[in-house]
Amino acid sequence: MTTPVTNKGARTADIVQASLKKRYAKEQRFKAIGLGAIVLGLTFVSLLFINIVSKGYSAFVQTHVQLEVYFDPAVIDPTGQRDMEQLARADYRQLVRAPLREMFPEATSRRDKRALYSVLSSGAAFELQQMVMADPDLIGETRSVWVIADDEIDMLYKGYVDRDAPAIERRVSDQVIGWVDTLEAKGLIDAKFNTRFFTNGDSREPELSGIGGAISGSFFTLVVTLLLSFPIGVAAAVYLEEFAPQNKFTDMIEVNINNLAAVPSIVFGLLGLAMFINWFGLPRSAPLVGGLVLTLMTLPTIIIASRASLKSVPPSIREAALGVGASKMQTITHHVLPLAIPGMLTGAIIGMAQALGESAPLLMIGMVAFIVDIPGGPFDPSTVLPVQVYLWADSPERAFVERTSAAIMVLLAFLITMNILAVVLRRRFERRW
Amino acid sequence: MQVSVIIFVLLGLMAVGYHFGRQRALGSVGGSTGIRQLHSLPSYYGTYVLLWAALPALLALFLWGVFQDRVLIDMVVGGLPEDLRDLPEARLGLVINDIQNLASGNITSGEPSPEILAAAEHLSSLQQASAAAKSVFVFALAIIGGGLAWRSIGPKMRARNRVEWIVMSLLILSSTVAIMTTVGIVLSVLFESVRFFNEIPITDFLFGLEWSPQTALRADQVGASGAFGAIPLFAGTMLISFIAMLVAVPIGLMSAIYLSEYAGPKLRSLAKPVLEVLAGIPTVVYGFFAALTVAPLIRNMGEAVGLEVASESALAAGLVMGIMIIPFVSSLSDDVINAVPQSLRDAAYALGATRSETVKQVILPAALPGIMGGILLAVSRAIGETMIVVMAAGLSANLTANPLEAVTTVTVQIVTLLVGDQEFDSAKTLAAFALGLMLFVVTLALNVIALHIVRKYREQYE
């Protein structure tokens with residue numbers, strides 16, 4: 001009677017033994033797949049960053065050409081009266097063109113001359129005008145000035161133009177390449193740090209465009225968002241966490257908050273368009289409206305973070321305050337809130353980072369316009385950093401690709417700083433009770 | 001007077017009110033020696049006056065700002081001559097626009113007629129009067145409100161309770177903003193959608209197979225027939241979301257399993273935040289990446305093997321969207337996998353199961369509802385994602401299941417219909433709101449179902 005049992009046991013053990021190799025192989029395979037998934041994820045992160053940085057780092061320098069500019073009184077100030085209006089109206093293009101002609105006397109035909117002039121940006125003359133307006137004593141003198149080059153020349157100098165390609169497929173002709181090479185041999189062309197990229201507004205000319213306008217638009221939008229969403233979010237969290245009775249009304253509020261957190265951002269844009277612009281008649285493209293829309297979007301984030309922060313304050317603090325005779329409101333404003341504020345601020349910073357990266361709802365309310373001026377307040381038409389990225393990404397010029405990537409780098413730098421700030425704040429004020 | 005100036009003056013009035021309220025409370029009991037006879041601390045009396053000076057005035061300022069333009073326009077239109085007033089609504093709107101532009105000193109279209117010039121003059125004088133009246137009214141309200149509160153102060157007044165009541169009301173008001181937002185979304189989208197469905201039957205919209213959103217200016221123009229069948233958009237949205245989920249679910253789920261079951265603390269503490277970086281990158285960056293790097297790459301690879309790939313293929317947009325959603329899936333799955341009790345794992349190990357067998361036969365079945373909930377949330381995220389598809393997917397509505405062709409999505413169409421100049425009475429613009437309504441309803445349904453599943457599952461183990 002015992003033999004079949006042992007036989008059977010032996011068989012089971014055999015089966016298990018026999019299958020072990022296969023099972024271990026399966027185990028190894030499964031583990032490898034898991035590791036592969038992580039490696040793939042990390043690869044995506046690094047690919048994204050490498051891609052953006054390799055495309056964008058060169059936008060932080062800009063090609064300039066050194067010219068011996070003679071500030072010809074006959075051109076700038078023929079009357080000699082130093083009249084500011086006269087100075088502003090003068091034709092400064094002649095000033096930058098003259099030294100170019102001197103350097104390359106072989107360009108005599110109309111076409112050649114036009115090609116020669118196109119080496120310089122159309123903004124070069126404007127910058128000479130600014131120099132003269134700032135210091136009229138320059139008139140009559142000769143100075144060596146670094147003037148800004150055209151974006152095609154910029155691309156050529158940075159090595160993005162394939163010199164071996166047939167001339168038809170290049171945006172730059174052989175003739176111009178020859179001129180640039182001569183300039184380079186003389187040391188008259190150089191890439192310098194690109195301050196315009198940070199101070200200028202948008203422009204159709206890549207070499208003159210910058211993110212200054214977008215940054216200040218983002219700034220005003222975020223200020224409006226923070227001023228509205230932080231007080232409202234904290235107040236809502238305090239009510240829901242500390243005062244609200246358990247009833248249908250508070251249940252409804254909670255369900256609403258959870259659902260709003262998952263509503264697609266573009267729907268908030270539709271709300272902003274229909275409500276704030278068409279119904280309330282607020283100005284289009286204004287940071288004020290953008291801030292209002294982003295406030296509604298970030299409220300759930302801030303409310304949820306603030307509630308978690310309030311929850312982490314131990315009940316003993318409340319009981320102690322109530323015990324010595326404080327009212328419920330005093331308990332919260334004097335004791336609970338001060339302890340919960342760091343956590344709430346962390347939530348607010350994360351909400352602001354989310355708002356800074358958001359662009360879809362802002363497209364709806366007209367913050368995609370081409371705006372050259374730098375906005376000076378929350379009512380001026382403006383655009384924001386991510387929308388500027390979107391606008392430039394659509395532009396065909398090669399130089400805009402570089403600028404788009406650089407703008408993304410600036411945007412990511414802001415986001416990373418904000419997130420680090422949030423982490424530091426949390427570490428610093430985190431308290432174990 | 002500028003709004004900012006009014007607010008600064010109000011702040012000053014509030015400070016003055018606080019000071020006087022405090023003083024009066026102290027004075028009523030004979031200075032700080034008699035402070036025990038006061039019902040509340042002196043600062044509460046000050047705050048009480050401050051609140052009464054601020055709140056009515058701020059409310060008036062807000063309402064004035066909202067209604068000023070409307071009322072003034074009505075008054076100006078009332079003063080226009082008969083023939084102008086009887087114009088159809090659209091033309092009248094243009095006239096009003098001209099008047100407003102003239103009044104604010106901008107250039108207008110064409111040479112303004114004398115009536116319009118007069119109306120503009122009228123409007124700008126009304127605007128000046130309104131601005132002056134506004135500041136006077138707001139300040140008067142602040143002084144009267146503060147004054148009345150100040151007069152009511154006495155030792156018996158329960159200032160703390162009153163202040164706390166006001167603060168409490170403000171707290172409740174703030175917490176209803178969430179409800180008001182939802183109501184606002186529903187109303188604004190629904191209102192315009194109803195207008196759209198008055199022009200285009202709802203069945204044509206929901207079941208039509210052709211999408212070419214245009215309205216004819218003349219009956220005989222080329223392409224006069226606008227078609228608002230949204231099926232191609234829904235199909236395109238689903239195709240791209242499906243590709244995204246094909247990328248995100250396996251990678252996200254497997255990395256969550258590896259991180260929670262296999263990885264040591266070192267790898268976990270490194271890989272988790274790096275993956276979460278993906279979640280913090282703005283979507284416009286992914287869009288740029290998809291349009292300028294991934295799409296050309298896929299096209300070149302397709303050409304290399306002899307396939308015809310559209311430069312705005314659904315595959316590129318879907319792939320990049322999938323990358324964006326990986327951290328979403330992985331962190332949600334990580335939460336549910338960690339919530340599976342350790343006793344289940346121990347039991348499986350005790351029976352001799354390998355780790356992968358435990359994962360596949362014990363942990364995953366136990367965590368399945370939670371994972372499903374997470375995936376549904378991810379799907380709703382994919383459907384509502386805008387920037388990636390706006391930058392990397394196509395514009396023309398194509399009813400196809402081929403991921404190498406260009407398709408368009410609901411969000412892309414909303415953006416293209418609404419960016420730029422718009423008239424608010426054409427079916428073209430209103431269609432965007434109908435699409436928005438669909439988007440809102442679908443994502444809301446997905447979220448409600450997902451949250452329900454997740455919550456139900458959590459209760460099981462708690």
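Angles over 145 degrees between helix axes count as roughly antiparallel. In this predicted model, helix 17 (residues 385–393) and helix 18 (residues 398–429) of chain A pack at about 165°, and are therefore roughly antiparallel to each other. Chain A also has an open sheet of 3 strands, with helix 6 of chain A lying across strand 1 and strand 2.

**Helix 17 and helix 18**

- The axes of helix 17 and helix 18 of chain A are 9 Å apart.
- The crossing of helix 17 of chain A past helix 18 of chain A is left-handed.
- Helix 17 of chain A contributes Leu385(A), Pro386(A), Gln388(A), Val389(A), Trp392(A) and Ala393(A) to the contact.
- On the side of helix 18 of chain A, these meet Phe400(A), Arg403(A), Thr404(A), Ala407(A), Ile408(A) and Leu411(A).
- Of the residues in this contact, 9 are nonpolar, 2 polar and 1 charged.

**The sheet**

- The strand order in chain A is 2-1-3, and the pairing is antiparallel.
- Strand 2 (142–148) and strand 3 (189–193) of chain A are the edge strands, each pairing on one side only.
- On average, neighbouring strands of the sheet are turned by 40° against each other, direction ignored.
- Strand 1 (residues 61–70) of chain A is joined to strand 3 of chain A by 5 bridges.
- Gln62(A) has Lys192(A), in strand 3 of chain A, as its bridge partner.

**Helix 6 on the sheet**

- Helix 6 of chain A spans residues 123–134.
- Helix 6 of chain A runs at about 135° to strand 2 of chain A.

Methods
Residues numbered from 1 in each chain as written. Chains lettered and ligands numbered in written order. Predicted model: local features only at pLDDT ≥ 70, side-chain atom pairs only at ≥ 80, totals over all residues. Pairing = 2+ DSSP bridges. Helix = DSSP H or I, 4+ residues; strand = E, 2+ residues; numbered from the N terminus. Axes fitted to C-alpha atoms, helices over the stretch in contact; angles between N-to-C directions. Contact = placed C-beta atoms within 7 Å. Parallel < 35°, antiparallel > 145°, perpendicular 65-115°, else oblique. Left-handed = near helix turned anticlockwise from the far one by under 90°. Nonpolar A, V, L, I, M, F, W, Y, C, P; charged D, E, K, R; others polar.
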